[in-house]
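Trainee: I have a model open and want to learn how to read it. Can we begin with the helices?

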Amino acid sequence: MSIIACPGCGKRISSLSPLCLHCGLERGEADDEELHVFKLRQARQKVYHLNMTSYAVISVFVAAFGWYWWSTAGFQQPSSTGPFVLMGLSAVAYLAVRVLLYFARSRLKALKRNAP
């Protein structure tokens, strides 16, 4: 057994592995269980990345609110439109990410139910 570079993604994999664990390229005879494990791993990674994206969008929203609070001197003066635009965009982005997250979690549940 040796470590080789995957022809599909270039990452290091075992020479005995029938498929690349990173990109899913089939190098030989992969059985249904290995393909199912790979699909589960990809679905979990997608859910994780969408969760991290939603946290980043929430952080942008909180920063925009802080900008609004700072520019109004504690809500005493009128503010520019910049903080409102940034809060609005981050709210829309958050909703979009949550919709994508819902579908990604549904796909993950379906994959877990349909184990080989």
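Mentor: Gladly. This is a predicted model. Start with the crossing of α1 and α2, which is left-handed.

Trainee: How is a pair of packed helices described?

Mentor: Two packed helices are described by the angle between their axes and the distance between those axes. Here, helix α1 covers residues 32–71 and helix α2 covers residues 82–113. Their axes come within 8 Å and cross at roughly 165°. An angle over 145 degrees counts as roughly antiparallel, so α1 is roughly antiparallel to α2.

Trainee: Which classes of residue make up the contact of α1 with α2?

Mentor: The contact has 24 nonpolar, seven polar and six charged residues.

Trainee: Now the aromatic rings. How many aromatic pairs are there?

Mentor: The count comes to five. One of them joins Tyr68 and Phe75, and it is tilted. Their centres are 5.6 Å apart, with 50° between the planes.

Trainee: Are Tyr68 and Phe75 buried or exposed?

Mentor: Tyr68 has 19% relative accessibility, so it counts as buried. Phe75, at 43%, counts as partly exposed. Tyr68 and Phe75 also form one aromatic cluster with Phe65 and Phe84.

Trainee: What about Tyr102 and Phe103?

Mentor: They form an edge-to-face pair, 5.4 Å centre to centre, with 70° between the planes. Tyr102 is exposed at 55% relative accessibility. Phe103 is exposed too, at 53%.

Trainee: How should I use the confidence scores?

Mentor: Where pLDDT is low, do not read the predicted coordinates in detail. This chain averages 90, and 98% of the residues score at least 70. Confidence is highest in α2, at 97, and lowest in strand β1, at a mean of 84.

Definitions and conventions. Residues are numbered from 1 along each chain as its sequence is written. This is a predicted model: local features need pLDDT of at least 70, side-chain atom pairs count only at pLDDT 80 or more; totals for chains, interfaces and linings use all residues. Side-chain values use heavy atoms; hydrogens and water are left out. Axes are lines fitted to C-alpha atoms, for helices over the stretch in contact, and angles run from 0 to 180 degrees between N-to-C directions. Helices (H or I, at least four residues) and strands (E, at least two) are DSSP runs, numbered from the N terminus. Angles under 35 degrees count as roughly parallel, over 145 as roughly antiparallel, 65 to 115 as roughly perpendicular and the rest as oblique. A crossing is left-handed if the near helix is turned anticlockwise from the far one by less than a right angle, and right-handed if clockwise. Ala, Val, Leu, Ile, Met, Phe, Trp, Tyr, Cys and Pro count as nonpolar, Asp, Glu, Lys and Arg as charged, and the others, Gly among them, as polar. pLDDT is the predictor's confidence in each residue, from 0 to 100. Rings of Phe, Tyr and Trp (its six-membered ring) pair if their centres lie within 6.5 Å; planes under 30 degrees apart count as stacked, over 60 as edge-to-face and the rest as tilted. Buried means under 20% relative accessible area, exposed over 50%, partly exposed in between (1.4 Å probe, protein chains only).
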